[in-house]
Amino acid sequence: MTWLGTCFWSTGILLGYPQKMEGSGRVILVNRQFAIQYRNSIQKHQKIRTAVISNIFDAHGEVAAGVADVEAVEKFLTPEWILQCKCKISSASVLLVDANLTPPALEASCQVAAEYNIPVWFEPVSVAKSTRIASIVSDVTFASPNEDELIAMANALSCASIFHPIDRDSSKKYSTESLFQMLKPAILVLLEKGIKTVAVTLGANGVFLCSTEPNFTRTRLERTKKYGYNGSLYDIIESSCPSSKFSDALQTQGSSHLLAVHFPTLPASVVRLTGAGDCLVGGTLASLCSGLDIMQSMAVGIVVAKTAVETEGNVPSAFSLASISDDARLVYSAARVLFHQSML
């Protein structure tokens, strides 16, 4: 049995992921309390396949090719269903949409988000589907493409194939600065088209967090939940990762300035790489929902992604706040302003 609908964590909402139900009522990834509270936002179907993805990995453990069957998402998460759930979405701190949604469903999601002034995070999913950003770009606050998805998105928004993937031949090693300079033109296209913050994921090379928004390093969500687990997360990260670290960049940043910050990864005992990107976004969004700023939240996201690659499953079964805090402190301390310059 497959469950489809809006998926909630903290005060955030995700659209696009099918949830699988196995055995006699055991729900994977959706607990009983959630199912009861949001039962009107979930569709249950006996004869629809749970989404299946088959990946081929290269010698470095990165995905080289993949085939996905997400008929459940495309067929049942329709614009009509999304609009029917708008009362639930309206209470969210942030709306995460992934590109498995059809373009009309993405547009309906962004329509609801705009109506209730909810920031939207766009997760591209794949190179082919990342181009679905074109119809909703002006409504997207955050986007998290990898290098190839970034290039595809920039080409789609430019209506031309003017950007090309970086040659990742094993004999070529690029410095962090060189890599950013090669990706900067494509990043600027996304920012100029309206996306407020672009987080380019670089695998083992970390993340480029980029924006032209004033004071973007202090970006926080307007609606947050600082109690329970979220409150504990907020307190421990706020203490270990002081927001004052990037105050110098804030003093000179204006609307015509591009600010890019590089967040490195931490050494990891890699078991498998699947799930790392999803956990990075999930950890970042959970942190934003707790009240942390974007810089602190990205540090947490990278730590959660590290935990993901060190486990057999796609998602770690449990997290230690103390461990997250210790690792987040290391990532946050090593993060540095890579580019800060007027674009005039």
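Is D293 buried or exposed, and what is its relative accessible area? Let's start there and then look around the rest of this predicted model.

**Figure 1. A close-up of D293, a residue in a loop.** You'll find D293 in the stretch between helices α11 (276–290) and α12 (294–309). Here is the answer to the opening question: D293 is buried, because its relative accessible area is 1% and buried means under 20%. Its side chain has a polar atom 2.8 Å from the backbone nitrogen of Q296. Who else touches D293? Once you skip neighbours within four places in sequence, the contacts of D293 are T217, R218, T219, R220, S243 and L288.

**Figure 2. Strand β12, covered on both faces.** This strand runs over residues 207–211, and 5 of its 5 residues are buried. Look at one side and you meet V207, L209 and S211; on the other side sit F208 and C210. Every one of these residues is buried.

**Figure 3. The strands that pair with β12.** Strand β11 (residues 197–201) pairs with β12 in the antiparallel sense, over 5 bridges. Try finding V200: this residue stands opposite F208 of β12. Together β11 and β12 make a hairpin, with 5 residues between the two strands. In the turn, check out G203, which has a positive phi of about 65 degrees. Strand β13 (residues 257–263) also runs antiparallel to β12, and 5 bridges join the two. Here C210 has A260 of β13 as its bridge partner.

**Figure 4. The largest nonpolar core, with 51 residues.** Five residues have the most contacts inside this core: F122, I133, F180, L183 and F208. You've already met F208, one of the buried residues of β12. Which helix gives the most to this core? That's α8 (residues 176–192), with 9 residues. A separate core of 42 residues lies apart from this one, and its members include F216, V281, V303 and V331.

**Figure 5. F122 and what it touches.** Leave out the neighbours within four places in sequence, and F122 still has plenty to show you. Its contacts include V97, A99, L106, I133 and I136. Also among them are V140, F142, A143 and M153, along with S130 and S144.

**Figure 6. Helix α13, with its buried residues picked out.** This helix covers residues 321–334, which makes 14 residues. From its first C-alpha to its last, α13 reaches 20 Å, close to the 20 Å expected at 1.5 Å a residue. Which residues of α13 are buried? They are I324, S325, D327, A328, V331 and Y332. When you look at the spacing, keep a rule of thumb in mind: an α-helix has 3.6 residues a turn, so residues three or four places apart point the same way. V331 also belongs to the core of 42 residues.

**Figure 7. V52 and its contacts.** V52 sits in strand β6 (residues 52–57). In sequence, V52 and D69 are 17 residues apart, yet their C-alpha atoms are 5.2 Å apart in space. Not counting residues up to four places away in sequence, V52 touches V67, A68 and D69.

**Figure 8. Zooming out to the protein as a whole.** The secondary structure comes to 13 helices and 14 strands. Of the 344 residues, 50% are buried. The protein exposes about 15,800 Å², and carbon and sulfur atoms supply 51% of that area. Among contacts with a separation of 6 or more, 72% are between residues 24 or more positions apart.

Technical notes
Residues are numbered from 1 along each chain as its sequence is written. This is a predicted model: local features need pLDDT of at least 70, side-chain atom pairs count only at pLDDT 80 or more; totals for chains, interfaces and linings use all residues. Side-chain values use heavy atoms; hydrogens and water are left out. Buried means under 20% relative accessible area, exposed over 50%, partly exposed in between (1.4 Å probe, protein chains only). Helices (H or I, at least four residues) and strands (E, at least two) are DSSP runs, numbered from the N terminus. Two strands pair if DSSP finds at least two bridges between them. The expected span of a helix is 1.5 Å times one less than its number of residues. Contact means heavy atoms within 4.5 Å. Accessible areas come from the Shrake-Rupley method with a 1.4 Å probe; for residues, only the protein chains shown count as cover. A nonpolar core is a set of buried Ala, Val, Leu, Ile, Met, Phe, Trp, Tyr and Cys residues joined through side-chain atoms within 4.5 Å. A polar contact is a pair of N or O atoms within 3.5 Å; within protein, one must be able to donate a hydrogen and the other to accept it, and residues adjacent in sequence count only if both atoms are side-chain atoms.
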